[in-house]
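Student: I have a structure open and would like to talk through how its chains meet. Could you take me through it step by step?

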There are 2 protein chains.
Amino acid sequence: MCADGGTHEIAPRSGVAFTLGRGDRLTVIDPRGEQVADLLAFNRHDVDEVISSGRTLDYASRIYLTTGDPLYSNRSNVLLRIVEDTVGRHDFLLTPCSADTFRIIYGDAHPHRGCFGNLAAALAPYGIAPDRIPVAFNCFMNVPVDGTTGSLSVQPPLSRAGDFITFQAETDLVIGLTACSALQSNNGSFKPIHYRVTPAATVT
Amino acid sequence: MCADGGTHEIAPRSGVAFTLGRGDRLTVIDPRGEQVADLLAFNRHDVDEVISSGRTLDYASRIYLTTGDPLYSNRSNVLLRIVEDTVGRHDFLLTPCSADTFRIIYGDAHPHRGCFGNLAAALAPYGIAPDRIPVAFNCFMNVPVDGTTGSLSVQPPLSRAGDFITFQAETDLVIGLTACSALQSNNGSFKPIHYRVTPAATVT
């Protein structure tokens, strides 16, 4: 579904998967503000290679990533690089919310399948099994950490309507992307996410 | 190799794998102090189920884990529970050091295979491929995070000679365990790690 020309809309509490070619750019837009988008990236030619929070944070020596930072794979190759970012606060500590998350944290008796279930369904046609879903790069998710106690909390995103983050694909990729399904992550409401792909040939 | 009765020694810069039965306890001991041990745990009956930093930190709402804290799997089951801990500072953010780590962070031309290579070799007989190695629970690793800037740093472990952490297996497991190979993580020297398994039947 396109909201306009080349901009696609991900409906609230849903997810999509698509491919990127090397050099393509992906812009993830928060159209209304305070909405998280969980992002996964796999090597399109070998989906056992996937983004790795552990490698990326180790090499960056930082838990908050922004413009200029590469996202490394489990094989220490750069899969994506952040090339523009109007927010500067994203999370790379937590796994996608799931039915188990809602059961364990919120006590839901009949939980939604969450970003995990949405990503698993969207990625299945690419041969990616649910067990292969790692910690996601959670665009706009605001998870401050108390450096003394180590406690973390999920706070309202700092993104305002129209804020965005742009990634460049450093190799051919399969992308999974959601409009996040967890109330707490999105300041209490479920909103859409927009995204736009700029082909490598037209990147200026 | 046993250092004494039931205590096994992991030589500096090496790693091992072994199984635990449900209810068994694993004690990881730092015999000389300031030495890290990377720990992995897989469901012995289905090794696609593995400890998950993202699930665990989300449910704990803390990045520093200690006595009483469960370590969850990618399927949100508890694989291990910390039942005793004389240190209180461990890392669950970073992946095992590898040849790539030493190349990228230290600029080594002929890097050691690191904990990643040691774990991959030790886990291969259990049918666990290198790509299946996630963020490890890094016993005694001291990685403070600056809550304001998000910067993290690898500091000398807080463990002193004889300090230990004990885990209880909540299901049948394959364990991978190392004496960590990264200079910075171990305050500049490579030392052994000891471990002891207490069978469920003898846990008091």
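Student: Happy to start with charges: how many salt bridges are there between chain A and chain B?
Tutor: Good place to begin, and keep in mind that this is a predicted model. One of the pairs to look at is A:Asp131 with B:Arg75, where the closest N and O atoms are 2.6 Å apart. That lies within the 4 Å cut-off for a salt bridge. Between chain A and chain B the count is four salt bridges.

Student: And which element gives the most residues to the side of chain A that touches chain B?
Tutor: Two elements of chain A give two or more residues to that side, namely α1 (53–60) and α2 (99–106). The top contributor gives six residues, and its name is α1(A).

Student: How many residues of that side of chain A are charged?
Tutor: Sort the residues on the side of chain A that touches chain B by type. There are 14 nonpolar and 14 polar ones, and the charged ones number nine.

Student: What area do chain A and chain B bury between them?
Tutor: The contact draws 37 residues from chain A and 37 residues from chain B. A:Arg55, A:Asp58 and A:Asp131 supply 17% of the area that chain A buries against chain B, more than any other three residues. Of the total for both chains, 50% is on carbon and sulfur atoms, and that total is about 3200 Å².

Student: Let me zoom in on one residue: is B:Ser98 buried or exposed?
Tutor: B:Ser98 sits in the loop between β7 (78–85) and α2 (99–106) of chain B. Leaving aside neighbours within four places in sequence, its contacts include A:Arg55 and A:Tyr59 from chain A, and B:His112 and B:Phe116 from chain B. Its relative accessible area is 4%. Buried means under 20%, so B:Ser98 is buried.

Student: Now the cysteines: how many disulfides are there over all chains?
Tutor: Let's check two of the cysteines against the 2.5 Å cut-off between sulfur atoms. For A:Cys115, the nearest cysteine sulfur is that of A:Cys97, 3.8 Å away, and A:Cys115 is in no disulfide. The sulfur of B:Cys139 is 11 Å from the closest cysteine sulfur, in B:Cys115, which is too far for a bond. Over all chains, the count of disulfides comes to zero.

Student: Last one: what is the relative accessibility of B:Cys139?
Tutor: The cut-off to apply is under 20% for a buried residue. B:Cys139 counts as buried because its relative accessibility is 0%.

Definitions and conventions
Residues numbered from 1 in each chain as written. Chains lettered and ligands numbered in written order. Predicted model: local features only at pLDDT ≥ 70, side-chain atom pairs only at ≥ 80, totals over all residues. Heavy atoms only, no water. Contact = heavy atoms within 4.5 Å. Buried area = accessible area lost by both parts, 1.4 Å probe. Salt bridge = Lys/Arg side-chain N within 4 Å of Asp/Glu carboxyl O. Helix = DSSP H or I, 4+ residues; strand = E, 2+ residues; numbered from the N terminus. Nonpolar A, V, L, I, M, F, W, Y, C, P; charged D, E, K, R; others polar. Buried < 20%, exposed > 50% of the residue type's maximum accessible area, 1.4 Å probe, protein only.
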